[in-house]
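Visitor: Could you walk me through this one? I have not looked at it before, and I would like to begin with the whole before the details.

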Amino acid sequence: KFYFEPRFSASYQTENNFIFKVATGRYLQFLNKSASEQSYGYNRDFWVLADDVTHPIIRSNHYIAGISYKQDRLFFDVEIYYKTINGLQEYLFFQYPGQRTAEPSRDTPGLSRFISGKGQAYGIDLLAKYENNGFTSWFAYSLSKTTSNYDEINNGENIPALYDQTHELKWTNIYSYNNWNFSTLTLFTTGRPYIKSSEKDDQFNTVREYSRLPDYFRIDLSMNYNINLKKVNIKPGISVLNALNTENYLDVYVRNFNIENRQVTETTLIKAQKLTFNFYLNFRF
């Protein structure tokens, strides 16, 4: 088949170093990342190859506008965007009472199925950068919102996308002195949403309650030294991940149990990396 992906971008630079830019376009993706909610187990995603029938091609329209400014050692950039997405997919598991697996038996209809939906994403990205001889620092901040929509989930209302993060902040510093290199990274993000509970009604529609992981905060430090021996470069170094040993979480496991005809939900937060030291030695010929 032939697929049409029109795109357009333009920029205009003024005499006082401002650059105005706009862009729009349609983007297609032929690998679909399908979410999988298993009420008896974990939440997992998997990839399926689009066939434009059971597995739709993801079609996304992008609208972007921004302005940047550069003066000597300073650089600033601001961009706003709005994106629509069609062809999102989930795989819903349905169980009959007393059935221990998600697969229906030969005597029951195939209720577990793929469903398709749509979504939207919009936000603003900010970047500030300072650079001189031996020192570079940049600060990046994103404010965004991403939602999805399925007729079979929460009566077609907007639900948070599983990778939605309202705030993301990164601050990076790199300093070089003679053969020494030092760097720091500060990262802060708000927690991603997860499915806290999920129920099916008599019509096999899904009703979900969402919650969010705690906020994520981490500082990394690193240092290395360059040794040049003729044509060989040797770089020993050390990095410290999560230098403040803050308690962060990356994921969540949700399990549902039926105990004496009463449904019990168990939620387990998966911790991220604690304070970690890495030593390394690089050779370059």
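**Surface, shape and some single residues**

Guide: The protein chain exposes about 18,300 Å², and carbon and sulfur atoms supply 55% of that area. Please keep in mind that this is a predicted model.

Visitor: How many helices and strands are there in the protein chain?

Guide: The protein chain has 19 strands and zero helices.

Visitor: And what does the protein chain span along its principal axes?

Guide: The C-alpha trace spans about 75 × 45 × 35 Å along those axes. The radius of gyration of the protein chain is 24 Å, whereas a compact globule of 285 residues would have one near 19 Å.

Visitor: What share of the residues counts as buried?

Guide: Of the 285 residues, 31% count as buried. As for contacts with a separation of 6 or more, 58% of them are accounted for by residues 24 or more positions apart.

Visitor: Which residues make up the largest nonpolar core?

Guide: That core has seven residues, namely Leu92, Ile115, Tyr150, Ile153, Ile159, Ile195 and Tyr210. If neighbours within four places in sequence are left aside, Tyr150 is in contact with Leu88, Gln89, Glu90, Ile115, Ser116, Gly117, Gly156 and Ile159; among these, Ile115 and Ile159 also belong to the core.

Visitor: Changing topic, where is Asp72 found?

Guide: Asp72 is in the loop between strand S5, residues 58-71, and strand S6, residues 74-92. Its phi is near 55°, which is a positive value in a residue other than glycine.

Visitor: Is Asp72 buried or exposed?

Guide: Asp72 counts as exposed, because its relative accessibility is 67% and the exposed class begins over 50%.

Visitor: What about Asn242, what is its phi?

Guide: Asn242 has a positive phi of about 55°, although it is not a glycine. It is found in the loop between strand S16, residues 232-241, and strand S17, residues 249-259. Asn242 is buried, because its relative accessible area is 1% and buried means under 20%.

Visitor: Back to strand S5: which residues does Tyr69 touch?

Guide: Tyr69, which has its place in strand S5, touches Asn16, Asn17, Phe18, Leu74, Phe75 and Phe76, not counting residues up to four places away in sequence. With a relative accessible area of 23%, Tyr69 is partly exposed. From C-alpha to C-alpha, Tyr69 and Ala128 are 9.6 Å apart in space, while in sequence they are 59 residues apart.

Visitor: And Leu31, which strand is that in?

Guide: Leu31 is in strand S3, which covers residues 31-37, and it is partly exposed, with a relative accessible area of 44%. Leaving aside neighbours within four places in sequence, its contacts are Trp47, Val48, Leu49 and Ile58. Leu31 and Ala50 are 19 residues apart in sequence, and their C-alpha atoms are 5.7 Å apart.

Visitor: One last residue, then: where does Thr190 lie?

Guide: Thr190 lies in the loop between strand S11, residues 180-189, and strand S12, residues 193-200. It is buried, with a relative accessible area of 13%, and it touches Gln165, Thr166, His167 and Asp215, not counting residues up to four places away in sequence. Thr190 and Ile64 are 126 residues apart in sequence and 24 Å apart in space, C-alpha to C-alpha.

Visitor: How many positive and negative charges does the protein chain have?

Guide: There are 31 positive and 29 negative charges, and their mean positions are 9 Å apart.

Technical notes
Residues are numbered from 1 along each chain as its sequence is written. This is a predicted model: local features need pLDDT of at least 70, side-chain atom pairs count only at pLDDT 80 or more; totals for chains, interfaces and linings use all residues. Side-chain values use heavy atoms; hydrogens and water are left out. Helices (H or I, at least four residues) and strands (E, at least two) are DSSP runs, numbered from the N terminus. Buried means under 20% relative accessible area, exposed over 50%, partly exposed in between (1.4 Å probe, protein chains only). The radius of gyration is taken over C-alpha atoms; the globule rule is 2.2 Å times the number of residues to the power 0.38. Contact means heavy atoms within 4.5 Å. Accessible areas come from the Shrake-Rupley method with a 1.4 Å probe; for residues, only the protein chains shown count as cover. Lys and Arg count as positive and Asp and Glu as negative; His and the chain ends are not counted. The place of a charge is taken as NZ of Lys, CZ of Arg, CG of Asp or CD of Glu. A nonpolar core is a set of buried Ala, Val, Leu, Ile, Met, Phe, Trp, Tyr and Cys residues joined through side-chain atoms within 4.5 Å.
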